[in-house]
Amino acid sequence: MRRAVTVSVTASAVLAGGLFAGQAHAAAPPAPSITAKGGFVMNNGTGSTLYGKAPDTRLSTGSTTKIMTAKVVLSQKNLNLDAKVTIQKAYSDYIVSKNASSARLIVGDKVTVRQLLYGLMLPSGCDAAYALADKFGSGSTRAARVKSFIGKMNGEAKKLGLKNTHFDSFDGISNGKNYSTPRDLTKIASSAMKNSTFRTVVKTKSTKQKVTTKSGGYRYMSWSNTNKLLSTYSGAIGVKTGSGPQAKYCLVFAATRGSKTVIGTVLASSSEANRAADVKKLLDYGFKK
């Protein structure tokens, strides 16, 4: 009788062991295959890596550069988000000459720093980026101020300990030396997301902002976010799209479900559709892991 009981207990243990082994296997989904040249995903709370494909390969970043533009602005001491900046003709001339993405800022309008951040991050306004660089760089000429601002961008990258990131522009329209990696961009975004103003801006799907005109009247500026993930992925909270002839299609992304926030980057996807598919795969994987 005693021996029969022993056999019964052993069989139960084997059965339980098999069940638990099956559960453990189910909890580790296979790593997804993405078309992008580079990808990286991490747990934003712990900083632990969840996925990497060429995570430390230097690639062109396109407008994901503007994450650092915003970070530099928001790291200024005694920052007044309601300070007004007068839009200069140089900003609109720049947009035309570069055929760049625009917030459609109008020369002579007075726009607050906060509004410029929306113009920077939602429609990816290179004019807004120029205005911010001119405002927060130091120097007696616009060229000197812009150079100073880009220096601050590289200074922030150094502070974060990033070895594979360099900026040569305030907006991602590169002069040949604007690059980062999936891992580095994810770290930049993770750091930027600690700022409540940044978080509020990048999760906004669209906004209507009242700005002061040259004559002292006002007009409304309407901006929609280029980041369609906010409307297509449950829990999406940001961060920034990027594209260009060199950069192809890029996205730095973040989403929160329950108590877990997953943050990551894809660089050099071959199309907008492939970028969207890559990001969805990586987020799904990040939440399962």
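**Note on the predicted model**

1. Tyr 249 has Ser 269, in strand 9, as its bridge partner. This pairing belongs to a predicted model, and the points below should be read with that in mind. Strand 8 and strand 9 (residues 260-269) run antiparallel and are joined by 8 bridges. Their hairpin has 2 residues between the strands, and Gly 258 takes a positive phi near 65° there.

2. Strand 8 also pairs on the side of strand 7. Strand 7 (residues 236-244) and strand 8 (residues 248-257) are antiparallel, again with 8 bridges between them. One of these links can be followed by eye: Thr 241 has Leu 251 of strand 8 as its bridge partner. The hairpin between strand 7 and strand 8 passes through 3 residues. For a student tracing side chains here, a general rule helps: in a regular strand the side chains alternate between the two faces of the sheet.

3. Now the overall picture. The protein contains 10 helices and 9 strands. Its C-alpha atoms fill a box of roughly 100 × 35 × 35 Å along the principal axes. Of the 289 residues, 50% are buried. Taking contacts between residues at least 6 apart in sequence, 61% of them join residues at least 24 apart.

4. How many aromatic pairs does a search of the whole structure find? The search gives 6. One of them is Tyr 94 with Phe 170, a tilted pair with 5.5 Å from centre to centre and 50° between the planes. Tyr 94 is part of helix 3 (residues 89-98), while Phe 170 is in the loop between helix 6 (142-159) and helix 7 (182-192), so this pair ties together parts that are 76 residues apart in sequence. Tyr 94 and Phe 170 are both buried. They also belong to one aromatic cluster, together with Tyr 91 and Tyr 130.

5. Another pair is Tyr 218 with Tyr 220. Why is this pair called edge-to-face? The ring centres are 5.9 Å apart and the planes stand at 85°, so the pair falls in the edge-to-face class, for which the planes must be over 60 degrees apart. Tyr 218 counts as exposed, at 52% relative accessibility, and Tyr 220 as partly exposed, at 45%. Each ring also has a lysine over it. Lys 210 lies over the face of Tyr 218, 4.1 Å from the ring centre, and the charged end of Lys 208 sits over the ring of Tyr 220, 5.2 Å from its centre.

6. Helix 6 has 18 residues, and from its first C-alpha to its last it reaches 26 Å, close to the 26 Å expected at 1.5 Å a residue. Its buried residues include Val 146, Phe 149, Ile 150 and Met 153. Charged residues are also on that list, among them Arg 145 and Glu 156. The spacing can be compared with a general rule: an α-helix has 3.6 residues a turn, so residues three or four places apart point the same way. The cover over the buried residues of helix 6 includes helix 2 (66-74) and helix 5 (126-136). Just after helix 6, Gly 161 takes a positive phi of about 75°.

7. Helix 4 (residues 113-121) is mostly covered, with 8 of its 9 residues buried. Among the buried ones are Val 113, Gln 115, Tyr 118 and Gly 119.

8. Is Asp 171 buried or exposed? With 0% relative accessibility, Asp 171 counts as buried. It is in the loop between helix 6 and helix 7. Apart from neighbours within four places in sequence, Asp 171 is in contact with Gly 62, Ser 63, Thr 65, Lys 66, Tyr 94, Cys 126 and Ala 129. Its C-alpha is 31 Å from that of Tyr 285, with the two positions 114 residues apart along the chain counted as their separation.

9. The disulfide count is 0. Why does Cys 126 form no such bond? The closest cysteine sulfur, in Cys 250, is 14 Å from the sulfur of Cys 126, which is too far for a bond; a disulfide needs the sulfur atoms within 2.5 Å. Cys 126 counts as buried at 2% relative accessibility, and Cys 250 counts as buried at 0%.

Terms used:
Residues are numbered from 1 along each chain as its sequence is written. This is a predicted model: local features need pLDDT of at least 70, side-chain atom pairs count only at pLDDT 80 or more; totals for chains, interfaces and linings use all residues. Side-chain values use heavy atoms; hydrogens and water are left out. Rings of Phe, Tyr and Trp (its six-membered ring) pair if their centres lie within 6.5 Å; planes under 30 degrees apart count as stacked, over 60 as edge-to-face and the rest as tilted. Helices (H or I, at least four residues) and strands (E, at least two) are DSSP runs, numbered from the N terminus. Buried means under 20% relative accessible area, exposed over 50%, partly exposed in between (1.4 Å probe, protein chains only). A charge sits over a ring if NZ of Lys or CZ of Arg is within 6 Å of the ring centre and within 35 degrees of the ring normal. The expected span of a helix is 1.5 Å times one less than its number of residues. Contact means heavy atoms within 4.5 Å. Two strands pair if DSSP finds at least two bridges between them.
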